[in-house]
Amino acid sequence: MSNVTVEATNMLPILKKKLAFLSGGKDRRSGLILTIPLSSDQTSMEELSATLDYLLSIPSEKCKARGFTVIVDGRKSQWNIVKTVVLMLQNVIPAEVSLVCVVKPDEFWDKKVTHFCFWKEKDRLGFEVILVSANKLTRYIEPCQLTDDFGGSLDYDHNDWLNKRLVFEKFTKESTSLLDELSIINDSDKNSAMDKEKSADCALLPSFDPETVLQTGHELLSELQQRRFNGSEGGGGGQGGPAWCPMEEELLAQPQVMKLLDSLREQYTRYQELCRQRNKRTQLDEIHAKVMQVVTWLQGPGSELLKTQQAIGDSMRAAQALQQKHEEIESQHSEWFAVYVELNQQIAALLSAGEEEEVVELKALQQQLSDVCYQQAAQLEGRQNVLQAAQGFHSTTQELSQLLDGLLGMLCADVAPADGASIQQNLKLLEEKLQTVEAGLASLRQKGALLMEQMCTQPSWPLEETESPPGEQQDNVQHIQAVMEEMQLRKQRCEDMVDVRRLKMLQMVQLFKCEEDALQAVEWLGELLDALLKTHVRLGDDSQETRTMLDKHRKFVDVAQSTYDYGRQLLQATVVLCQSLRCTTRSSGDTLPRLNRVWKQFSVSAEERQQRLELALNFHTAAERVLQQECVDPESLDEVDSSGKPLLDRLTMPVIFPDGTEQFFGSPSDTAAAAEGVRERLLLVEERRLQLQEMRLHNDEEEEEEEEVRSGQETRLDVIGEELSEKEDQDEEEEEAGQQDEDLERATQDC
């Protein structure tokens, strides 16, 4: 394409007037057809000359060499204007014009004059000028190469051509400028590729957006390939005429656009790679700067903040304040840790597509960043663990102190319980509080040990000494130990007071227990007395039963004696406990007289009961001996009477207590029943007495009868002896006869 000195943009108002145009049609020599449509208005020769200069600058030299056929449409103009235009063609394009066809109106101009004038100027003009009507123009040009204004079939839209021309020139201008800029940028990068510091200075931006220019070029190329550029749809020639040539061979627009697009794509690809390398380098530099920024802050201000925070506080409130300060430090670190996470992701993305040198650099940055961040995170975690352990330690200390205060207050209060149950409840509560204190102290020791362990295992700062002196750590340890020792001493003092209070309360429990048991002993002894007087009435039906009842009575008395002795011991213990507790207002002073009074009554009653049982035993023993023996002397009978009658008399007598009161054993019916048993025995003994008297009267008669019987028996024995002798003789005879029979039978068998 020839260099265009004038752009369509600069003369757009003139081109819009359509003073002349290239329709895309061709004559029979394949020369381009230049159409100059003259109007009835006065045509500016200067504008027409500028239009012709612009249009003739479009075709290539090869295309110009084939010559132009100029159609001057003078149907709407005057002859002098047509003549001026034809003459102007001599000055504008004398060598390129092959034929000038002046289209005349049907009834206008003098043919002789006009023909004569053009013929006269033919040699001077250098091209042939013919005057022809519109309907005969096809003699020189095929109809398919003529526009519809001249009866042809060639479509031409001047506005569309102008728009496409503007696009073409814009693309040509922008692409050429963009190619120059990209070439400069790409070439300048070669010289600065080895110098990383200068590469940033060469990061020039082109004046036009390459993507937009390429898109415009592709759209333009698509239009050219559809043969619509310069107003032509393309197609074959007229009947008998040469075929129409494609646009690219005429105006060279399509090859030029394609060449520009190829060059632009090549330079743009190089530019993209250059930008990619620059962006990567810039990204690496930014990552390096951010990494150094993170590392610098963490190793600098971040570390200084942590190094100054080594205290553990001396109370729960102080520990909470330190925790709040630590959370503020953690919040500041969190912002930098977020930057670390983002940088780590960026580095990981670059590592997957980086070159060997970049990979080594990125890995070194990643390792450095990770080491510093993990070290700082470990310091934060260690400090957090120490603060949590410190809060646990101070919280347990506060709780234990409150427990000790509560226990001390309970120990300092006076003990004035109403009964043993309340004392037991207070003692149980005291023991529970002491156990809670012991558990709290054990928990305090455990949390103190944990806190010191956390302090000792806290990560150390590498390659440098912390600003906090070692004495601060030692002070923390000493503070923990001092707190635990103080709690231990307070707990020991409370334990001593608890031991004293426990002893006192146990003595009080024992005092109440002794008093209760002493009263119980009085009640038991009263119950034994009541049982003795009301139920111990029977004297037994025989000596065996009476002896058994006497043994049970002695055991009953032993039980009562034990109960009395137990009550006496309890009352003595009560006196001792009251003296130990300094209690002078106890209500147990009347228990001993009651115990003694009941015991005296029981002793008198038991003695009377024992005497009655002993009399009954003597009575039953003598009566049974009389009743069981066949020969009884009169003294035994008299002994029964002498023991039975006093017993009956004693049953009717009451028991007289030391205070003069009287009490009978059992009810009158029970006494009557016991006396009735004694009387029945006395009657049996009296009957025995009568029997013995009768036996003495009949003794003589019985002796005589026995003598007679004895004589009769002797006579009978003599008779029986004689009968036995006779029977023995008969038996001997029978035995001899039998022996003879056996001998005879044996002899017979021998024969």
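**Exercise 1. Place His394 and list what it contacts beyond its neighbours within four places in sequence.**

Solution. Start with the contacts (heavy atoms within 4.5 Å). Leaving aside neighbours within four places in sequence, His394 touches Ile312, Gly313, Asp314, Ser315, Met316, Ala319 and His479. Next, find the element. His394 sits in helix H13, residues 356-412. Helices here are DSSP runs of H or I with at least four residues, strands are E runs of at least two, and both are numbered from the N terminus. Last, check burial. The relative accessible area of His394 is 5%. His394 is therefore buried, a term for values under 20%, with exposed over 50% and partly exposed in between (1.4 Å probe, protein chains only).

The model is predicted: local features need pLDDT of at least 70, side-chain atom pairs count only at pLDDT 80 or more, and totals for chains, interfaces and linings use all residues. Residues are numbered from 1 along each chain as its sequence is written, and side-chain values use heavy atoms, with hydrogens and water left out.

**Exercise 2. Describe how H9 packs on H11.**

Solution. Two packed helices are described by the angle between their axes and the distance between the axes. Take the elements first: H9 covers residues 210-225 and H11 covers residues 253-307. Their axes lie 10 Å apart, at an angle of about 155°. Axes are lines fitted to C-alpha atoms over the stretch in contact, and angles run from 0 to 180 degrees between N-to-C directions. H9 is therefore roughly antiparallel to H11. The classes are: under 35 degrees roughly parallel, over 145 roughly antiparallel, 65 to 115 roughly perpendicular, the rest oblique.

Now the hand. The crossing of H9 and H11 is left-handed; in that case the near helix is turned anticlockwise from the far one by less than a right angle, and clockwise gives right-handed. Then the residues. The H9 side includes Val213, Leu214, Leu220 and Leu221. The H11 side includes Val257, Met258, Leu261 and Tyr268. The residues of this contact divide into twelve nonpolar, five polar and two charged. Nonpolar covers Ala, Val, Leu, Ile, Met, Phe, Trp, Tyr, Cys and Pro; charged covers Asp, Glu, Lys and Arg; the others, Gly among them, are polar.

**Exercise 3. Do the same for H2 and H4.**

Solution. H2 spans residues 45-56 and H4 spans residues 79-92. Their axes come within 11 Å and cross at roughly 40°. H2 is therefore oblique to H4. The crossing is right-handed. From H2 the contact takes Met45, Leu48, Ser49, Leu52, Asp53 and Leu56. H4 supplies Ile81, Thr84, Val85, Met88, Leu89 and Val92. The tally is nine nonpolar, two polar and one charged.

**Exercise 4. Examine phi at Lys18 and Ser30.**

Solution. Recall the background: most residues other than glycine have a negative phi. Lys18 has a positive phi near 55°. Lys18 lies in the loop between helix H1 (12-16) and strand E1 (21-26). Its relative accessibility is 28%, so Lys18 is partly exposed. Ser30 also has a positive phi, about 65°. Ser30 belongs to the loop between E1 and strand E2 (32-37). With a relative accessible area of 18%, Ser30 is buried.

**Exercise 5. Locate Ser44 and give its C-alpha separation from Leu19.**

Solution. Ser44 is in the loop between E2 and H2. At 29% relative accessibility, Ser44 is partly exposed. Ser44 and Leu19 are 25 residues apart along the chain, and their C-alpha atoms are separated by 9.1 Å.
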